Amino acid sequence: MYRSHVLVCGGTGCNSSGSHHVIEKFTEEIAKAGLDKEVSVVQTGCHGLCALGPIVVIYPDGTYYTQISADDVPEIVQEHLLKGRPVERLMYDEENAGTEAKSLADTDFYKKQTRVALRNCGVINPEQIDEYIAVGGYEALGKVLTTMTPEQVIQEVLDSGLRGRGGAGFPTGMKWKLCAPNKADQKYVCCNADEGDPGAFMDRSVLEGDPHSVLEAMAIAGYAIGAHQGYIYVRAEYPIAIKRLRIAIKQAREMELLGKDIFGTGFDFDIDLRLGSGAFVCGEETALMTSIEGNRGEPRPRPPFPAVKGLFGKPTILNNVETYANIPEIINKGAAWFASMGTETSKGTKVFALGGKINNTGLVEIPMGTPLRTIIEDIGGGIPNGKKFKAVQTGGPSGGCIPASYIDIPVDYDHLKEISCIIGSGGMIVMDEDNCMVDIAKFFLEFTVDESCGKCTACRIGTRRMLEILDRITKGEGKIEDIDKLLELATYVQENSLCGLGQTAPNPIISTIKFFRDEYEAHILEKRCPAGVCKALLSYNIDPDKCKGCTLCARNCPVNAISGTVRQPHVIDHEKCIKCGQCMENCKFGAISRK
Amino acid sequence: MKSLEELKALREKMRAQVNMRENVGGEHTRVVVGMATCGIASGARPVLNRLSELVQEKDLTDKISVTQTGCIGLCQYEPIVEVLEPGKEKVTYIKMNPEKAEEVVEQHLIRGNVLGKYTLASAGI
């Protein structure tokens with residue numbers, strides 16, 4: 001029995017900033033101090049505040065340390081673990097709060113969150129099934145198998161109002177209900193862990209921090225629809241998630257929580273992994289199943305829907321990782337509890353990955369319907385460097401942008417739909433006044449052009465033509481009729497693509513034109529990029545009145561585009577200038593301006 | 001795993017391992033052990049460990065947390081244990097050892113009877 005637990009985050013974010021060294025060092029230093037019988041070191045999943053990793057939390061007091069390196073460890077062991085004096089200089093210093101927040105629960109970042117899908121992330125060791133069981137793991141499966149009929153399970157999920165967290169927001173219980181009555185010698189339960197939206201990483205964090213919750217939910221789903229085999233389709237770019245899933249499956253099999261005759265009820269269920277090799281389209285359900293079957297990942301028309309004819313031609317359900325992570329809690333605490341959170345049509349909580357121009361980059365889980373302002377200003381800690389909030393892109397390349405004027409919009413499926421935006425998988429890329437919206441639309445289009453599988457002409461060629469037009473506009477070669485042409489093409493691509501990838505690919509263009517048409521017009525008519533991003537439209541100039549002739553700019557220019565003699569105003573040669581901005585950054589007199 | 005009972009039994013066994021990690025709220029009783037050089041030298045560590053063990057064994061971690069603190073300036077009375085209950089006056093126990101710590105858990109923390117014979121007041125200051 002230990003008197004203190006040192007929890008070190010082992011999620012991908014913290015791992016890449018060196019948490020594995022921190023864990024090694026803690027183990028070593030604790031042993032050196034003779035505390036190894038008193039203090040245990042636990043590797044956990046993601047805590048959410050990835051920007052400040054590696055994260056270390058020490059219990060029982062819950063002291064919250066951020067950005068810990070192996071060099072800080074001896075001090076923490078000597079001071080905190082031995083003498084009980086928390087090392088204040090390493091403690092989380094919340095923006096605006098002024099003082100170091102002592103405990104995790106006291107921080108604004110955590111106070112406004114409700115963690116359901118992430119309930120065990122950062123709390124338990126994901127590589128120990130014992131710890132999952134200790135927090136009530138597999139009890140929902142036991143309850144379902146011993147006291148409920150499959151119909152009751154489906155009804156419970158239906159009543160909870162849970163909708164798919166992968167993007168489309170289809171009611172989960174309905175999906176199960178449609179599959180259950182279909183007769184077949186074999187049915188399948190699939191988990192979509194092919195998380196591909198740029199900026200979204202909640203599924204990875206669930207798999208890394210709480211893999212058993214997904215296994216348990218899949219077994220529950222198997223019981224509900226009458227399936228005995230599950231597949232998790234996880235992208236190969238998630239090595240830590242894959243490793244922990246493998247460990248979790250092995251441990252669950254050893255404890256007979258997967259396999260034959262689970263809980264002595266005669267119910268058999270097993271799960272295997274399938275690795276995806278980096279095609280965005282494989283996150284689309286029919287393409288994903290085609291890929292599991294061993295074929296090239298391309299979507300196929302629906303109907304027949306997977307519930308009737310899915311994987312290997314058998315009835316199949318496919319849910320997203322985060323959707324599954326909610327299931328055991330719904331069974332344990334009841335549909336009414338889950339439905340008490342959120343809004344009329346969007347129940348429960350949703351995990352968002354905050355990225356871009358925001359102070360607290362990381363993962364947050366909030367009740368559906370929370371105003372965008374709470375997410376950006378309170379939990380996210382606002383925009384860095386006192387810049388102005390401009391917009392947030394939700395749903396990655398399939399979504400749209402919410403401009404600053406809508407900052408009080410409740411974030412749920414239907415409110416976002418009203419302004420032609422989607423929650424999508426939950427990526428939120430925050431943009432400030434320095435982001436050019438035409439450039440953002442171009443960025444997402446580049447992504448979809450790369451990732452279009454090529455099956456449908458509209459998507460394959462349409463996205464490329466749109467990208468060419470955007471490229472033209474950012475270079476100052478656009479024509480005013482390009483805006484209408486973009487919208488026309490967008491409608492065409494939406495209507496003529498088979499799968500979600502093509503149907504949603506034009507969304508970033510449509511929504512940026514809708515809310516930021518003036519920026520498009522500035523690029524086209526005035527040959528000016530208002531945010532100062534599009535290089536072709538920028539020019540750097542030296543104000544001869546302010547220039548002292550210190551030569552610093554000329555010495556820093558990588559292409560020797562600046563000329564002038566000492567103590568005389570310098571001049572930039574616009575033919576040579578590559579617009580890198582080095583001169584402006586280096587000028588001590590503010591003599592260089594960008595237009 | 002052949003029955004739900006088996007799972008629940010395992011959960012009971014494993015609970016103590018994780019329930020320390022619940023976030024401490026305002027309604028928590030804090031048991032604080034002086035662990036500065038003076039405290040450690042007079043034997044505070046076995047006291048701290050015993051207190052922590054008992055609180056976990058008796059499944060009290062949802063109400064009570066055991067932590068350390070530095071020197072409070074009464075080095076000659078170490079090991080010192082302070083019990084801080086919400087809404088009550090702080091109780092300071094002096095010259096503790098693991099056996100006395102057991103009594104504190106049984107009598108004070110579980111039954112609510114302050115052990116006057118071990119408090120700072122008993123030393124006449």
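**Exercise 1.** In which order do the five strands of the open sheet in chain A stand?

*Solution.* The model is predicted: local features need pLDDT of at least 70, side-chain atom pairs count only at pLDDT 80 or more, and totals for chains, interfaces and linings use all residues. Residues are numbered from 1 along each chain as its sequence is written, chains are lettered from A and ligands numbered from 1 in the order in which they are written, and side-chain values use heavy atoms, without hydrogens and water.

Step 1. The order is E11-E10-E14-E12-E13, with mixed pairing. Strands are DSSP runs of at least two E residues, numbered from the N terminus. Two strands pair if DSSP finds at least two bridges between them.

Step 2. E11 (362-367) and E13 (401-403) of chain A each have a single partner strand, so one side of each lacks a neighbour in the sheet.

Step 3. From one strand to the next, the twist averages 30 degrees.

**Exercise 2.** Describe how E12 of chain A is joined to E13(A).

*Solution.* Strand E12 covers residues 389-394. Three bridges link E12 to E13(A), and the two run antiparallel. A:Val392 stands opposite A:Ile402 in E13(A).

**Exercise 3.** Analyse the crossing of H6(A) and H1(B).

*Solution.* Step 1. Helices are DSSP runs of H or I, at least four residues. The axes of H6 (residues 139-147) of chain A and H1 (residues 4-18) of chain B come within 10 Å and cross at roughly 160 degrees. Axes are lines fitted to C-alpha atoms over the stretch in contact, with angles from 0 to 180 degrees between N-to-C directions.

Step 2. H6(A) is therefore roughly antiparallel to H1(B) (angles over 145 degrees).

Step 3. A:Glu139, A:Gly142, A:Lys143 and A:Thr146 meet B:Leu4, B:Leu7, B:Lys8 and B:Arg11 (contact: heavy atoms within 4.5 Å).

How values were computed. Angles under 35 degrees count as roughly parallel, over 145 as roughly antiparallel, 65 to 115 as roughly perpendicular and the rest as oblique. A crossing is left-handed if the near helix is turned anticlockwise from the far one by less than a right angle, and right-handed if clockwise.
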